[in-house]
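Student: I would like to practise reading a structure with you, feature by feature. Could we go through one together?

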Amino acid sequence: MNPWLRNCLLLVLMLAASGLALALKPTQKIADQGPAVDLEKIIPKEFGDWREEQHNFIQMVDPQQKELIERIYTQTLSRTYANSNGYRIMLAIAYGDDQRDSMQTHYPEVCYPAQGFELISREKGSIVSPTGSIPVVQLVTSLEKHRIEPVTYWVMIGDRPIVQGWKKKLAEMQYGLRGLIPDGLLFRVSSIDEDNRHAFEMHQAFINDILAAMPVMQRKRFSGT
């Protein structure tokens, strides 16, 4: 092929690829299409048999490092709740209005060991609620053998609950092809409990109660159900 013709063809292909990439670049945030997310207002301080503890002495594992919070997430919320029997559950939510970048390094599997915890086990499971099933990850962590802390969490990308990392990227691509920038959040509950089975049962009860207390549209945003 004539070198001049070949170079012209390559130039045309490069320009076409550049134009296609620009055309497919997502420009509209999902977060701008609905009611604004305000974690303090959306997440009730009292629901079912649970009440927020205004003063507690449980050291909660910070879901993210401060600099990463400011860069990745728009809002965070951390609270401790107790029921009438005195059982305590720690809730941590991190929300971001732009979740095109990977959240993989900010999962509890990373942030707990980074703060001195041993990761004893990790299993995939589900939270069964009256409005649907939520895929979750359940961890058992330990701090110097005297604090056993089971953890249940899931990640939302747009209105989809995600467990595997590749599904997160797939969801991002699907939204991107529609010109949308997905928002997302990490929803985590944990408790100090040496009985793992009991802890996960309490987590499920807590999650069902808090979701039932949310308006339908917000419940879908936080759990996909």
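Student: What percentage of the 225 residues in the protein chain do buried residues make up?

Tutor: Keep in mind as we go that this is a predicted model. Buried residues make up 45% of the 225 residues in the protein chain. The chain exposes about 12,100 Å², and carbon and sulfur atoms supply 56% of that area.

Student: How many helices and strands does the secondary structure come to?

Tutor: The protein chain has 7 helices and 11 strands. To see how such elements come together, look at contacts by their separation in sequence. Among contacts between residues at least 6 apart in sequence, 71% join residues at least 24 apart.

Student: Let us take one helix, then. Which residues of α7 are buried?

Tutor: Helix α7 covers residues 216-223, and its buried residues are Gln218, Arg219, Arg221, Phe222 and Ser223. Now look down the axis: those residues fall within an arc of 170 degrees, so they line one face of the helix. The face turned away from the buried side carries the exposed residues Val216 and Met217. After α7 comes Gly224, which has a positive phi, near 80 degrees.

Student: Arg221 is on that list of buried residues. With which residue does Arg221 form a salt bridge?

Tutor: Its partner is Asp183, and the closest N and O atoms are 3.3 Å apart. Arg221 belongs to helix α7 and Asp183 to the loop between β10 (180-181) and β11 (184-190), so the pair ties together parts 38 residues apart in sequence. Then check accessibility on both sides: Arg221 counts as buried at 15% relative accessibility, and Asp183 is buried with a relative accessible area of 2%.

Student: How many salt bridges does the count come to?

Tutor: The count is 7. One of them joins the side chains of Arg88 and Glu53, at 2.9 Å from N to O. This pair links distant parts of the chain, 35 residues apart: Arg88 is in strand β5 (residues 88-96), and Glu53 is in the loop between β3 (50-52) and α3 (66-72).

Student: Are Arg88 and Glu53 buried or exposed?

Tutor: Take them one at a time. Arg88 is partly exposed, with a relative accessible area of 38%, whereas Glu53 counts as buried at 18%. For another case, try Glu149 and Arg147, whose closest N and O atoms are 2.6 Å apart in a salt bridge. Both Glu149 and Arg147 are buried.

Student: Now the nonpolar side. Which residues of the largest nonpolar core touch the most other members?

Tutor: That core has 29 residues, and the ones touching the most other members are Ile43, Leu91, Phe187, Phe206, Ile210 and Phe222. Next, ask which elements contribute. At least two residues each come from α2 (39-42), β4 (75-82), β5, β7 (132-143), β8 (147-157), β11 and α6 (196-212). Helix α6 gives the most, with 6 residues. Another core, of 14 residues, lies apart from this one and includes Cys111, Val151, Ile162 and Leu186.

Student: How many aromatic pairs does a search of the whole structure find?

Tutor: The search finds 7 aromatic pairs. To classify one, compare ring centres and planes: Tyr112 and Phe117 have centres 5.1 Å apart and planes at 75 degrees, so this pair is edge-to-face. Tyr112 and Phe117 are both buried. Pairs can also connect into a group, as they do in the cluster of Phe47, Trp50, Tyr81 and Phe206.

Student: Could we finish with single residues? Where does Ile134 lie, and which residues is Ile134 in contact with?

Tutor: Ile134 lies in strand β7 and counts as buried, at 0% relative accessibility. Leaving aside neighbours within four places in sequence, Ile134 is in contact with Gly125, Ser126, Ile127, Trp154, Pro161, Leu211, Ser223 and Thr225. One of these partners, Ser223, is among the buried residues of α7.

Student: And Asn196: which residues does Asn196 touch?

Tutor: Asn196 lies in helix α6 and is partly exposed, at 28% relative accessibility. Not counting residues up to four places away in sequence, Asn196 touches Val140, Ile148 and Pro150. The C-alpha atoms of Asn196 and Leu139 are 9.3 Å apart, with their positions 57 residues apart along the chain.

Definitions and conventions. Residues numbered from 1 in each chain as written. Predicted model: local features only at pLDDT ≥ 70, side-chain atom pairs only at ≥ 80, totals over all residues. Heavy atoms only, no water. Buried < 20%, exposed > 50% of the residue type's maximum accessible area, 1.4 Å probe, protein only. Helix = DSSP H or I, 4+ residues; strand = E, 2+ residues; numbered from the N terminus. Arc of directions from axis to C-beta. Contact = heavy atoms within 4.5 Å. Areas by Shrake-Rupley, 256 points an atom, 1.4 Å probe, with all protein chains shown as cover. Salt bridge = Lys/Arg side-chain N within 4 Å of Asp/Glu carboxyl O. Core = buried A, V, L, I, M, F, W, Y, C linked by side-chain atoms within 4.5 Å. Phe/Tyr/Trp six-rings, centres within 6.5 Å; stacked < 30°, edge-to-face > 60°.
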